[in-house]
Amino acid sequence: MKDFYNILEISRDASPEEIKKAYRKKALAYHPDRNPNNSDAEAKFKEVSEAYEILSDENKRKIYDQYGAEGLKGFPGGGAAGGGPGFSSMEEALRTFMGAFGGGMGSGGGESIFESFFGGGGGFETEAREKRGTSKKLSLSLTFEEAARGCEKEVFLNTYGSCEACKGLGAKSHKGIQTCPTCQGRGQILQSRGFFSMSSTCPACHGEGKKIIDSCSECRGSGRIKSKRKVKIKIPAGVDNGMRLKMTGYGDAGAQGSPAGDLYVYIEVATHPAFVRDGDDVSLELPITFTEAALGCKKEIPTPLGGVCKITLPEGTQSGKVFRVKNKGLPNVHGQGHGDMLVHIRVETPVKLSEKQKELLHALEKLDTSQNHPECKSFFEKIKSFFSN
Ligand SMILES: [Zn+2]
Ligand SMILES: [Zn+2]
């Protein structure tokens, strides 16, 4: 049995601020950008995000306190806990994370988490990555079809690229680089204060350990040059609104040959006039005539990937009936098969009838028996018993 309070290491009467603070600390520690290819951290990140999702919502927290995680099953908007086993995808967990901190840290927090995330300096980046290039983000709008089938997009990015003239070195040649005399190349200096000695970043070389004495004239020693760069982005089939792609190394080049930052692509998917998406499943409303509904029919319907599929509607198909066509939904973005297509039937009542048509319908009506309309019959029986009581 999961205990969301234990997971966030907070007491059961923690205030909303304490919950957010605890989540921030844990989410940053386990964030996938800090723990690439670490499935333990990934599981932890999902777990703390789920706990936060529940405990930050006053309603869900109340239900959870009273009935436990079981109580949240099937809860409208219950999200993670609704399904029982927690966040199944990283996207969900990242969405929670962005929902909590994407809009800045609020009062007194100063910079938004994403400032430090994308700004490259301070906070989130570790010491060793200080010289790394800045990570970039961009939003990419896709049509429904592009998201369903996958596509390739070309964008132009203003980034710092590695300087061609010096290959990112910053100096005209290797001879133009000297070991920093202040720290002898260590990048750190030791300062003694009484019994203690403290090490700090060398102020002369900013931790580089080297000094450029003969700067490259193209980049003036930085090793990078601002440029407009064409980037091809491969969008996998099945991406959904709000997902994020990470393109490692596509951000700014690092200073003096340090690793480049990353590019984060935020996906926005336009709505479709006919298809409505729910995860990998897709819904479609299919209008049929009154005669087709009564007699049954075969229909060819478009699928979201551009093909058609045939469905057979039986005699007496009712308006509102939903037919599930297996595997005709969208491809799963992680390559795990396809979703289903849900065909919602809507029977269209005929309009603008001619005199002849009306005549025939009246003739048909005379032949009606109560067996033809079991629902009408049972409705009037219910009403009757209501009045006789
Ligand atoms: Zn130095
Ligand atoms: Zn250069």
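This is a quick talk through one protein chain, its cores, one of its sheets and one loop residue.

Okay, so first thing: what you have in front of you is a predicted model. The protein chain has 389 residues, and 24% of those come out as buried. In secondary structure we get 11 helices and 15 strands. If you take contacts between residues at least 6 apart in sequence, 60% of them join residues at least 24 apart.

Let's start with the cores. The largest nonpolar core holds 20 residues, and the ones with the most contacts inside it are Phe4, Leu8, Tyr23, Val48, Ala51, Tyr52 and Leu55. Which elements give two or more residues to this core? Those are helix 1 (4-8), helix 2 (16-30), helix 3 (39-55) and helix 6 (90-101). Helix 3 gives the most, with six residues. Have a look at Leu55 while you're there: skipping its neighbours within four places in sequence, Leu55 is in contact with Phe4, Leu8, Ile19 and Arg61. Apart from that core there's another one, of 17 residues, and Val239, Met243, Leu263 and Tyr264 are among them.

Right, on to a sheet. This one is open, has four strands in the order 10-11-15-14, and its pairing is mixed. Strand 10 (276-278) and strand 14 (322-325) sit at the edges with a single partner strand each, so each of them has one side without a neighbour in the sheet. From one strand to the next, the twist averages 30 degrees. If you zoom in on strands 14 and 15, they run antiparallel, and four bridges join them, with strand 15 covering residues 341-348. To pick out a pair, Arg324 has Leu342 in strand 15 as its bridge partner.

Last stop is Ser215, which you'll find in the loop between strand 6 (210-212) and strand 7 (224-235). Why does Ser215 count as partly exposed? Well, Ser215 has 17 C-beta neighbours inside 10 Å, and a residue needs 20 or more to be called buried, while 12 or fewer would make it exposed. So Ser215 falls in between, because of that count of 17. And who does Ser215 touch? Not counting residues up to four places away in sequence, Ser215 touches Gly170, Ala171, Arg220 and Gly221. Take Gly170 from that list: Ser215 and Gly170 are 45 residues apart in sequence, yet C-alpha to C-alpha they are 5.9 Å apart in space.

That's my tour, thanks.

Conventions
Residues are numbered from 1 along each chain as its sequence is written. Chains are lettered from A and ligands numbered from 1 in the order in which they are written. This is a predicted model: local features need pLDDT of at least 70, side-chain atom pairs count only at pLDDT 80 or more; totals for chains, interfaces and linings use all residues. Two residues are in contact if their C-beta atoms, placed from the backbone, lie within 7 Å. Two strands pair if DSSP finds at least two bridges between them. Axes are lines fitted to C-alpha atoms, for helices over the stretch in contact, and angles run from 0 to 180 degrees between N-to-C directions. A nonpolar core is a set of buried Ala, Val, Leu, Ile, Met, Phe, Trp, Tyr and Cys residues joined through C-beta atoms within 7 Å.
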